[in-house]
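User: Hi! I'm new to reading protein models and would love a close look at one part of this one. Could you walk me through its charged pairs, step by step?

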Amino acid sequence: MDLRSKRADTVRVVGTVLLVSGFLTSLLTMSSGYDGGKPYLMAAFLVVTGVGLRIEAAITDRRP
């Protein structure tokens, strides 16, 4: 396995963890009945960052 592929796999895993944690934060906040917006802002930040990392890993892992 080459270094670029290994890095792309690591970035893909981190992106997936961020996506899951963002959605989990959102679901837990909805179920708790909290009315503030800060947890939703943090969840949105985690999801957007996770999607960005997954896109970066897909672009990096392309083979010519």
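Analyst: Let's begin with Asp 9, which in this predicted model counts as partly exposed because its relative accessibility is 27%, and partly exposed covers values between 20% and 50%. Its partner is Arg 12: the two form a salt bridge, and their closest N and O atoms are 2.9 Å apart. A side-chain nitrogen of Arg within 4 Å of a carboxyl oxygen of Asp is what counts as a salt bridge, so you can check the pair yourself. The side chains of Arg 12 and Asp 9 also make a polar contact, at 2.9 Å. Why can these two residues meet? Asp 9 and Arg 12 are three residues apart in helix H1, so about one helical turn separates them. As a general point, side chains of opposite charge can pair when their charged atoms come close.

Now stay with Arg 12 a little longer. Arg 12 is partly exposed, because its relative accessible area is 23%. Arg 12 has a salt bridge with Asp 61 too, where the closest N and O atoms are 3.6 Å apart. Asp 61 lies in the segment after H2 while Arg 12 is in helix H1, so this pair ties together parts that are 49 residues apart in sequence. Put the pieces together and you get a network of salt bridges that links Asp 9, Arg 12 and Asp 61.

What else does Arg 12 touch, leaving aside residues up to four places away in sequence? The list is Arg 54, Ala 57, Ala 58 and Asp 61. You can also follow the backbone here: the C-alpha atoms of Arg 12 and Val 51 are separated by 9.3 Å, although the two residues are 39 apart along the chain. For Val 48, 36 residues from Arg 12 in sequence, the C-alpha to C-alpha distance is 14 Å. Val 48 sits in helix H2, which runs over residues 38-60. With a relative accessible area of 60%, Val 48 is exposed.

The count of salt bridges comes to three, so there is another pair to meet. The side chains of Arg 7 and Glu 56 join in a salt bridge with an N to O distance of 3.3 Å. Arg 7 belongs to helix H1 and Glu 56 to helix H2, 49 residues apart, and the pair links distant parts of the chain. Both ends are partly exposed: Arg 7 has 44% relative accessibility, and Glu 56 has a relative accessible area of 30%.

Finally, step back to the whole protein. The secondary structure consists of two helices and zero strands. The C-alpha atoms fill a box of roughly 50 × 15 × 10 Å along the principal axes. The radius of gyration is 15 Å, whereas a compact globule of 64 residues would have one near 11 Å. Among contacts between residues at least 6 apart in sequence, 75% join residues at least 24 apart. Buried residues make up 23% of the 64 residues. The protein exposes about 4700 Å², and carbon and sulfur atoms supply 70% of that area. For something other than charge, look at Leu 27, Met 30 and Tyr 40, which make a nonpolar surface patch of about 300 Å². Of these, Met 30 is placed in helix H1, residues 3-32.

Methods: Residues are numbered from 1 along each chain as its sequence is written. This is a predicted model: local features need pLDDT of at least 70, side-chain atom pairs count only at pLDDT 80 or more; totals for chains, interfaces and linings use all residues. Side-chain values use heavy atoms; hydrogens and water are left out. Patches are made of residues with over 30% relative accessible area and no salt bridge: like charges are joined within 9 Å, nonpolar side chains (Val, Leu, Ile, Met, Phe, Trp, Tyr) within 5 Å. Accessible areas come from the Shrake-Rupley method with a 1.4 Å probe; for residues, only the protein chains shown count as cover. Helices (H or I, at least four residues) and strands (E, at least two) are DSSP runs, numbered from the N terminus. Buried means under 20% relative accessible area, exposed over 50%, partly exposed in between (1.4 Å probe, protein chains only). Contact means heavy atoms within 4.5 Å. A polar contact is a pair of N or O atoms within 3.5 Å; within protein, one must be able to donate a hydrogen and the other to accept it, and residues adjacent in sequence count only if both atoms are side-chain atoms. The radius of gyration is taken over C-alpha atoms; the globule rule is 2.2 Å times the number of residues to the power 0.38.
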